[in-house]
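This report goes through the fold, the salt bridges and the main pocket of one protein model. The sequence and structure come first.

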Amino acid sequence: MPTKKRKLKIRAPKYYQTGKIYISPDGGETVYEQKRNGERGRMVEQSQIAQDIEQLQAEEDMYSIQAIQLRRKYPALRKAWERYCIVWNMITHQNEDN
C-alpha cells in the first residue's frame, strides 16, 4: 500500500501577514510595514544592534559640554558619574587581562 506524502508547510516569520509589504531602510536590521500610500508604517521587528544604536543616540547628550557642566553643578550627578567610570574601567581592564 503506498503511503500518503505529507506536504511540508513553510512557516512565515511571526510578524509576517499575507498581503502586506515590508521594508527595511537599514539592510534588514529594522523592518517596517509599508502603508498603502508608500509611507513607512509601524515597526514590526528590530535587531539587537539596531536597538543598541538607538540607545547610543539617546545617550549622546551625556557626553557633551553641557553634561560636564551639569556634573560640575550637581554633586550627586558628579558622584554617580565617577562611580560609573570606576565600574566601567574595572570591567574593561578585567576583560583586557583575560
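What percentage of the residues of the protein chain count as buried? Of its 98 residues, 11% do, where buried means under 20% relative accessible area, exposed over 50% and partly exposed in between (1.4 Å probe, protein chains only). This is a predicted model, in which local features need pLDDT of at least 70 and side-chain atom pairs count only at pLDDT 80 or more, while totals for chains, interfaces and linings use all residues. Residues are numbered from 1 along each chain as its sequence is written, and side-chain values use heavy atoms, with hydrogens and water left out.

**Overall fold**

The protein chain has three helices and three strands, arranged β-β-β-α-α-α from the N terminus on. Helices (H or I, at least four residues) and strands (E, at least two) are DSSP runs, numbered from the N terminus. Among contacts in the protein chain with a separation of 6 or more, 8% are between residues 24 or more positions apart; contact means heavy atoms within 4.5 Å. The accessible surface amounts to about 9,400 Å², and carbon and sulfur atoms hold 54% of that. Accessible areas come from the Shrake-Rupley method with a 1.4 Å probe, and for residues only the protein chains shown count as cover.

One residue of strand S2 is Thr 30. Thr 30 counts as buried because its relative accessible area is 4%. Beyond its neighbours within four places in sequence, Thr 30 is in contact with Ile 23, Ser 24, Pro 25, Met 43, Glu 45, Gln 46 and Ala 50.

**Salt bridges**

The whole structure holds three salt bridges. The term covers a side-chain nitrogen of Lys or Arg within 4 Å of a carboxyl oxygen of Asp or Glu.

| Salt bridge | Closest N to O distance |
|---|---|
| Glu 33 and Lys 20 | 3.6 Å |
| Glu 33 and Arg 42 | 3.4 Å |
| Arg 78 and Glu 82 | 4.0 Å |

The pair of Glu 33 and Lys 20 links distant parts of the chain: Glu 33 is in strand S2 and Lys 20 in the segment before strand S1 (22-23), 13 residues apart. Lys 20, Glu 33 and Arg 42 are linked in a network of salt bridges. Within this network, Glu 33 is buried at 12% relative accessible area. Lys 20 is partly exposed, at 35%, and Arg 42 is partly exposed, at 46%.

Arg 78 and Glu 82 both lie in helix H3 (residues 75-97), four residues apart, which is about one turn of the helix. Arg 78 is partly exposed, with a relative accessible area of 37%, and Glu 82 is partly exposed, at 42%.

**The largest pocket**

A pocket is defined on a 1 Å grid over the protein atoms alone, as an open set of points where a 1.4 Å probe fits, with protein on both sides within 12 Å along at least five of seven lines; lining residues have an atom within 4 Å of a point. The largest pocket contains about 180 Å³ of space, the volume being the space filled by probe spheres set on the points, which are joined across faces, edges and corners.

Its lining consists of Gly 19, Lys 20, Ile 21, Glu 33, Gln 34, Lys 35, Arg 36, Gly 41 and Arg 42. Strand S2 (30-34) and strand S3 (40-46) are the elements that give two or more residues to this lining. By type, the lining has one nonpolar, three polar and five charged residues. Here Ala, Val, Leu, Ile, Met, Phe, Trp, Tyr, Cys and Pro count as nonpolar, Asp, Glu, Lys and Arg as charged, and the others, Gly among them, as polar.
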